[in-house]
Every structure is written in structure tokens, then in C-alpha cells.
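Visitor: I am new to this structure and would like a close look at a single part of it. Please keep the account plain.

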Amino acid sequence: MSFITWQYFLFLPLIFVLYWQLPPRLRLPLLLIASYFFYACWDVRFLALVLTTTVIDYICGLSLGGRRLKPAWVLILALLPGAWLGVCYLLLTSWGQATPLLIAVAGGLGVAFFAIHEGVWAWGGEKRNKGLLILSVGFCLAILGFFKYFNFFVDSAQNLLGHMGLQANFVLLHIILPVGISFYTFQSLGYVIDVYRRTSPACADFLTFATFDAFFPQMVSGPIERGKNLIPQLEGVGIFQNSYVHDGLRLILVGLFKKVFVADNCAVIAGYVFDPRTALTAPWAILGVVAFAFQIYGDFSGYTDIARGSAKLLGINLMENFRFPYFARNPSDFWSRWHISLSTWFRDYVYIPLGGNRGSQWDTIRNLAVTMLLAGLWHGANWIFVIWGAYHGALLILYRFVPPFTGFMAKEKKGRGLQWMAAALMFLFTLAGWAIFRSANLAQLGQWFAALGHWQAGAVPWQKSALWLLFHIVPLLLLQALTWKQGDEAGGLERLPWPVRGLLYTALLLLVVSSSEQDQEFIYFQF
Amino acid sequence: MKSLIKPAFVLTVALIVLLEGGARLFFPQGVSGRFDYGYDPDAGFAENADGTVKLFRAGGRRFFPQSFSKERPPGTFRVFVIGDSIPRGPSLQASYAWLLGDELRKNWIPAEAFNLAVPGFGVRRCQIVLDRIIRYDPSLIILHVNYSNEYEDEREWRRTQEFKGWHPRHWLMKLFILRRLYEMKQEQVFWRLVPTEIRQRRAVNDADAEVAASMDAQKMREWSRQVERVTRESADLARRRHIPILLLTHCSVETNPSHGPQLNDFDMDGLGESLAGAGVYHLSMKEVFAGTPNFQSHFTDGSHMKQSGHLILAQAIFHKLQKERLLAGFTPGNLGKTAESK
């Protein structure tokens, strides 16, 4: 179920009313059922994968916290995903013949996990903790790797061998990418690592942990929450406050505006420019990448706002994921404003463990490069994302070590003119990054860059399309100007005088409705 | 504790209610049938207290703005042309309806001719217009019969039904002001600012559906039978009211590499001939243009005509009216009231 469907706008109020009407002890089960239902609307079978991640990280987290579950319980929980597939097999008539095999594989994996877990538990001490961490990370990454990267690596290996003159015909599997797998896997992994590091307590209640892993507002596209932020909120008994409704609805309205009005309309131009059939000229190439910059920003930050608003209606605060990213003055600033939950995840669980910037200059360069390559690969099984990650890694290195870019890294306030210049330069770098990100392959990326040299008039005039783009970008920038001082993209509206807010809400609502039938799926679902 | 309802929210709701109420109160004409996409029988017609009827763009009927008296002036030959974008023409003055009026008056016949053609209208929606204009005492109805708009008719019928239904998908759009805003954005901003090339590529689903339907032999047979049935009903409708009706069957220009440009009537001439009889006349566009040298030069594309093509057709209709003695009761005399264009 997507946030911009009518189904969601029936689902959310229903859950909201039920949640606050039910006695507190029934709220968590309601959230879990609602979350699983929300996810099952895409594909009910893939709930088995969510369950697998949940079971593995719940058991490992608990064991890391020093609490031993009875082996019988470990086995029962480990067999849950296989059991779910069995239920699906019995109830769904449209399943293929391979299903019994899948059930057997899920059951086998459950038994294997049980056996390894029991073996590791017997080790004791720090060795056990490391073993449990490796078990959890290994299983989760194996699932993610199989569903997201199997064909990519096989295909890449085949190509590499081909270039070396060796013929290889590996089998490519027809694998469907489960929605949101990167998001919930990383969220779950972050929890286990935190428990291992003793920075977060283990969650003892399976229901709470399962809800944490599958919480519907943020499950499929983030923000990638931390256990220490979300689990205590799920455990606590909330008391309804009117401000939940105010803040929640405001966030949802702003999110809809960003997604439906800004992103989907910018997508009209971006889709045309990055269509292989289009003969590009420089104005179109520039228009296309600007359009995509606002499409992806509106799309993803709009999703986050709707997610935060939906959670807020249930009295739960999700972390901020975007903070005026296109006003960043350097790459480091950009990553502290763009997809904050992912960039901090990579900072805390990859960059710092690798040594961060504590070692030599070369160590820092290596750590930045590795982190950004992995962040790129996280976005998708395609070399273009790896290149995009490498590009951002190179930018971070450039700004950190190469003058005069190092001057833009200084945190102290400089002249306003210089700040704007730095922001403009960073925006240009960001645009070049989006050109990489949006290209389907290296050939298309090459064509995009080549088009920048062709300034002659093309077959299709671009001027009106530029107006179309401005028509959708300027309202967003005006909204951002209103909230800039508060430092919060959507929450900042609360501080405006009520007549201004009333007019603004009306305008946002009308703008959303005016574009309401051109809906598109959220870009980040594919990641 | 803060109150649940905040002033900003109240203001938002009040503004929407005011806009909606204002639109319904002050622009009832615009609201009526607005989202029936041509299926509302009254949309686009306004009967004024002074006895005139005004044609305007509403309810999916993009009529050229015209007006005429509700009662036909005595002794005046009144013609209404119904059809799709082809009879509509490049402009009102360049359409064969207007040019026919000129032709008649040039020959001293008091006449008024009105163009009620709307782009994309298939036989079903044309029939609804025909049913409406019968009450204005026409001397002749010209029905331009074309086979190529059945997809549009079906799609717009579906939209009408959808919007009339109570599916949650359309709840917001039940508000006139919101739906109007949505359509305004489409028509005034999207269509004007986004080049056709981009729009065509984006309209994947709709275009795909149309192409798929046009390649589906079963569907085409179904539509062909429908064109035949509805055209027959339309002819009967006029005949029952003793109003002469001229079925002008359309033809397209097809370029054949070996034989050059050819005219193709897609068997509609056969349909026209089969329906011709008492009060129902048939004119084949193919026959008209077959006798015209370099006929393809009068077309802008395979189907639509330039003004010169419309003029040829207007003259052919005039000759047909003479031949069928349909002008017999209208004595050459004073210049009749001309079609008023605003």
C-alpha cells in the first residue's frame, strides 16, 4: 500500500481511531497487525522475509543482552517464516510449483539458524557476543544480498570473465526485489550492533521488536530508525494529545505537497530527458537534471514527511530525514541534510568502525571512499549507483583535503555572499551527481554529458518546459523560505501566525489536488 | 492542553467551503454537467430569457461560442452540423458549417448554419447533441459520421460513471472547486507548457489502451456494429420528428507507396447508403474528393481538412441540398440572419 493511494487515506484514520480507542495493552498488537497488513498489500509472501529478519535479530539481540531464550522457543521462532509460507501456500491458490521447495528452504534455514545459535551460545564471553553479531549480520546481509544483489554480482562476474576471454554461463535467477528490504534490514542490523556495543538495551518483548522492525509508516522507505529512539516509544503507554493531530496532519500535508505537486510534476521533464529515445541538447540536459533533483527530493522527503506525520498521529516521533539539503555548503553538510538516517547509519556503523578520520590522511581517504561506495551500492544493484557513491566519496575527499575547497568546510560563519556561493557550487556538484544517479547506464550518462556541449536549438523547444518546472519548484522554495529560520522543513510552519498558516494550508491543499491524478510510485521503494 | 480544532484549520475549511459555495451560487451554469464529459444533455446550451440560445464551452462540450433564437425565424433555412474534430474545422469561420451558411446566403437563401462539432465525439455523444437540438426546429441536421472516436466515447463514459460513483478515489473531486482546479491545471498549465512530444510519451497507459483496442479485431467489430446501430437510431430520431438529416460519411487520405494517395471510407459509405431513405440523405466525402484534382492538398493530415477542403465540402453539400430539393421551400429573398459568432 502506498501513501498516496485512497486506500491509505482510509487505512490511516481507521488505525488512528482504533489505536486511541483501544486499551493500551492492545495497541501494540494493533500496530503489528496494521504494519503486516500494510506490507502484505504489496506481496503477502515477502512477510516471511520480514519475519526472518525480525526473528534473527530478536533472538541475537536478546542473547547479546545476556538473556537466554529456551531452545524450544528459539526453534519455534526460527520456524515462523517457513510456517508463514506454508499458510500462504494453503490459502493462496495462485502460487507456483516451487512453493514447497521455498517452504523447505525457509524451514531448513530456520533449523540451521537454531543450530548455529545454540552452538554460539555455548561459547560464552566476548567470543559468543562476536559470534552472535556475525550470525545476525551474516544472515541478514545474506538475505539482502540474495534478493537484491545476486543477479548483479553474477552478471558482473560473467562480464568480467568474458573480458578476460573466459566463457561462463552462470544461472541468473528471476528474483523479485522485496519492497523496502534495504530499509528494514539496515534498521534491524543497527539495533543488533547497538546492543552488541551496549549503547542500546536488548528488547525483551517479541511483539515490541516485531513492531519496531515492521512499523508501517517507515518500514518501506525509512527513516531508518534506531532502536533506542523507536523501541522505548513503542513500549511506552502514550496518552493522546491534540498536538499529535496538528503536527501529524501538517507533516502529511507538506509531504503530499512535496510528492504530488513537486516531485510528480518535475518527473514529467526528468522522465523525458532521461528517456533513451530523447535527442538531448544542453538546455534539455540541464532542465532534466534540475527536474530530477527536485523530483527525487520532493519524492523522498515527501515520503518521509508523510511517514513522520502518520507516526505522529499515533504519538510516535520519527527522526528527521531531510533538512534543506540543496542549501548545503559542502558535501559533508549535504550528507548531514540529505537522507540523514542513512548517512548517520553509515557514519556510525561503517565509517567510524573503519577508523573514521582518526588515522592518517590516507586512512581517512580510504574510509570515506569505502563508506561512500557502500552507500552507493545500498541504493541499488547497478554500477551506476556505485559510481554515484564514488563520486560523492571523491567530493568529500576533495573538500576535506584540496584547497580552495577546504575553505568551504569551515564551520564558522563567513560572509553571506560566500555562503551563497558555496551553496551554489555545492548544488552544481549535487546536480552532476544526480545526472549519474538518474542515468540508466554509462552510455546514457555519457550522452548526458556530451549534450552539455550542444547549444543549438533542438526539435522540441525547452522554454515552456522550463516554465513548467519553475511553476512547481518556486512554491517549494517559498515554503522553504518560510521555514528556513526554524530549521525544520515542515515543523517550522507551526511558528507562523495562524492566518498565514490557514492561507498556506489552503494553498498547499489546492496545489496538491490540482496534481492529484498524476500519481507515481515513490522512487525509494526500489531501494 | 491545546484544543483539537485550531484557527488555522478552521480558516482552511472556511476558505474551501466559501470557494465551493461561491462557485455553486454564482456560476451554476459552469457547475451544471461540468464533469459529464459530453454526456449531460444540457451542458453547453443556455436558454436565455430573451428567447435566444447560447452555445458555450461546458460539460466536456467544447462548442464554438454561437447563439441563435430558440424559434427558427420564419422562412430561414436552419442547419446544425454535429460531429467530431473534422467538421469542427480549424476555426469556426473555416468550417464547412459556416461556409455552407455563406454558400446558401450567396445564393439568396435566408439561412443560418451552426457548428456543434466537438473534438473526440463519437456517435453516442453526437446522438445526445442531436437529441437536444431537435427542439430548436432545424431545417436540416448534418451528422458527420466517423468511426474513429468510439474509444473516446467509451473512456469518457467510464469517467462520467466513475465520477458519479462513490468510490473513495473520487471523494475529493466531488467538490466542484477542487475538480475544476484539477482540470484547469491540466488544460491551462499542463497542456500549454508541456510539449506534445513529452505528453504523448507520458500518456503510456491511455495511448497503449487505445492502440491495443484498435488492434483488437473483436473490439473493432463491436465498435463498427455500434456506429451502425447508433447512427441508425439517430437517423430514426430525426425522421420521427420530420427533420431532414444528411449523413455525411467521412473518408481519410492514405498514402500508398505504389499507388499514391488514396481515399478510404472504411465502408462507411455503405452504411450511409443503407440508411438513406425518406428524410435521410447520404453524401459521401470520398465521392466529393475523388472528383477533386490533387485532393490530398486539401487535408492537413490523413483526416482533417484545411479551409479549402471545408469549402469544397460546403459546396458539395449545397449541391446535394439543391439536388434533393431540400431548399425548395426557402425562397431566395432577403438575407437571413447570420450565425453570430462571439
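Into which domains is chain A divided? Please look closely at how they meet, and then add what is useful about the rest.

Guide: This is a predicted model, and chain A is divided in it into domain 1, residues 29-235, and domain 2, residues 244-526. Taken over C-alpha atoms, the centres of domain 1 and domain 2 of chain A are separated by 30 Å. Where these domains touch, domain 1 of chain A contributes 21 residues and domain 2 of chain A contributes 21 residues. On the domain 1 side, the elements that give two or more residues are helix H7 (125-163), helix H8 (181-196) and helix H10 (227-235) of chain A. That side of domain 1 consists of 10 nonpolar, nine polar and two charged residues.

Chain A also touches chain B. This contact takes 31 residues from chain A and 26 residues from chain B. On the chain A side, at least two residues each come from helix H11 (242-273), helix H19 (463-483) and helix H20 (498-514) of chain A. H20(A) gives the most, with 10 residues. By type, the chain A side divides into 16 nonpolar, 11 polar and four charged residues. For the complex, the predictor gives an ipTM of 0.75 and a pTM of 0.80.

In chain B, one helix can be followed in some detail. Helix H13 of chain B covers residues 307-323, and its 17 residues should span 24 Å at 1.5 Å a residue; the end C-alpha atoms are 24 Å apart, so the expected span and the model agree. Buried residues in H13(B) include Gly309(B), His310(B), Ile312(B) and Leu313(B), and further along Ala314(B), Ala316(B), Ile317(B), Phe318(B) and Leu321(B) are buried as well. An α-helix has 3.6 residues a turn, so residues three or four places apart point the same way. The cover over the buried residues of H13(B) includes helix H4 (96-106) and helix H12 (285-290) of chain B, together with strand S6 (140-145), strand S7 (245-249) and strand S10 (280-284) of chain B. Just after H13(B), Arg325(B) has a positive phi of about 60°.

Confidence should be kept in view for chain B. Its mean pLDDT is 85, and 90% of the residues of chain B reach 70 or more. Residues 334-342 of chain B have pLDDT below 50, although this stretch has 25 contacts in the model beyond near neighbours in sequence. Where pLDDT is low, the predicted coordinates should not be read in detail.

Definitions and conventions: Residues are numbered from 1 along each chain as its sequence is written. Chains are lettered from A and ligands numbered from 1 in the order in which they are written. This is a predicted model: local features need pLDDT of at least 70, side-chain atom pairs count only at pLDDT 80 or more; totals for chains, interfaces and linings use all residues. Helices (H or I, at least four residues) and strands (E, at least two) are DSSP runs, numbered from the N terminus. The expected span of a helix is 1.5 Å times one less than its number of residues. A residue is buried if 20 or more other C-beta atoms lie within 10 Å of its own, exposed if 12 or fewer, and partly exposed in between; C-beta atoms are placed from the backbone. Two residues are in contact if their C-beta atoms, placed from the backbone, lie within 7 Å. Domain bounds come from an automatic or database domain assignment. Ala, Val, Leu, Ile, Met, Phe, Trp, Tyr, Cys and Pro count as nonpolar, Asp, Glu, Lys and Arg as charged, and the others, Gly among them, as polar. pLDDT is the predictor's confidence in each residue, from 0 to 100.
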